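Reader: Please give me a close, connected account of the ligand site, keeping to what the model itself supports. What kinds of residues make up the shell, and how is the ligand held within reach of them?

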Amino acid sequence: MFATLSDRLADTFKNLRGKGRLSEADIDATAREIRIALLEADVALPVVKEFVGAVKERARGEEVSGALNPAQQIIKIVHEELVTILGGETRRLRYAKSGPTVIMLAGLQGAGKTTLAAKLALWLKDQDKTPMLVAADLQRPNAVQQLQVNGERVGVPVFAPEPGNGTGNPVDVARASIEEAKRKLHDVVIIDTAGRLGVDAELMQQAKDIRDAVQPDEVLFVVDAMIGQDAVVTAQAFLDGVGYDGVVLTKLDGDARGGAALSIRSITGKPVMFASSGEKMTDFDLFHPDRMASRILD
Ligand code: GDP
């Protein structure tokens, strides 16, 4: 992810090396190149415009500082603006003040929800939490079993409908899971909900019903960063249809151009909270805007 964007930006900055002072023309040329680099990386057009506008304005206004040459100054501005569009601060999980913290996952089928549920559970376990996974995806035949397998891999119990009752109501399952968590003293409940291949009204309604029934502390929208601009479209549809508090980007290890990661915060106004970046259960962490910006500019 971001390989091409990184190369493109590095080339742009290379052109500025050795310049004593940036002329208006230098700033314009640099802004144009950054614009092309971002568009090629699949960043949404409104985000590109805002980004380039901010960089240009700051580059013009910047005092010539003794410590940094013009190329370094532009890199610093681009870094700071990248951090801004990526969300600024790291957004951490909010835990419930009393009772179990309820986290609900929503997203399209194939987004990586079930995998992510287990990764998140392991991550929480490593922080001395006692999570429980909940199989409320009763749509896809193998979803419950897949979550059980993943739960076993990370050593976290899975609450699922009784065998033979596989067509049960996901709202009832979700509701019952909270009671179970209280009984068994689990402090975090992670509810995996059903996805479809595309956005549809029934899927949205089901997720909304679960949300209304269990009032999660955090609803996380899980999205495959490899699907480019579609990720932003889907993110908006889920925001309107279900609503959520934060975003989890999956498959950041892929070789897609990364535009989704850069656009989603600005378009939805919701922070990216976690990043999932591989098939291993430990390929998962909080999303740190500053680290991601540094990775892009490395
Ligand atoms: P769900 O339908 O949303 O529950 O998606 P799954 O969790 O079943 O994931 C769909 C596919 O994506 C599976 O083959 C996963 O192994 C794969 N996958 C999930 N997360 C990642 C990731 O971060 N990186 C990569 N490369 N593959 C992933």
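**The ligand and its shell**

Author: Sorted by class, the shell around the ligand holds nine polar, six charged and two nonpolar residues, where Ala, Val, Leu, Ile, Met, Phe, Trp, Tyr, Cys and Pro count as nonpolar, Asp, Glu, Lys and Arg as charged, and the others, Gly among them, as polar. This is a predicted model, in which local features need pLDDT of at least 70 and side-chain atom pairs count only at pLDDT 80 or more, while totals for chains, interfaces and linings use all residues. Residues are numbered from 1 along each chain as its sequence is written, and side-chain values use heavy atoms, with hydrogens and water left out.

In total, 17 residues surround the ligand (each with a heavy atom within 4 Å of it), and the closest of them are Gly-110, Lys-113, Thr-114, Thr-115 and Glu-279. The largest share of this shell, four residues, is supplied by helix 5, which runs over residues 113-125 (a DSSP run of H or I with at least four residues).

Three polar contacts (N or O atoms paired within 3.5 Å) can be followed from oxygen atoms of the ligand. At Gly-110 the partner is a polar backbone atom, and the distance from a ligand oxygen is 2.7 Å. At Ser-276 the partner is instead an N or O atom of the side chain, lying 3.2 Å from an oxygen of the ligand. Glu-279 likewise offers an N or O atom of its side chain, here at 2.6 Å from a ligand oxygen. Taken alone, the ligand exposes 580 Å², of which the protein buries 79% (Shrake-Rupley areas with a 1.4 Å probe).

The record adds an annotation to consider beside these contacts: an unreviewed UniProt entry assigns "domain: SRP54-type proteins GTP-binding" to residues 271-284, although such annotations may be inferred rather than shown by experiment. In the model, the end C-alpha atoms of residues 271-284 are 16 Å apart, and the span is 43% strand and 0% helix (strands being DSSP runs of E with at least two residues).

Notes. A polar contact is a pair of N or O atoms within 3.5 Å; within protein, one must be able to donate a hydrogen and the other to accept it, and residues adjacent in sequence count only if both atoms are side-chain atoms.
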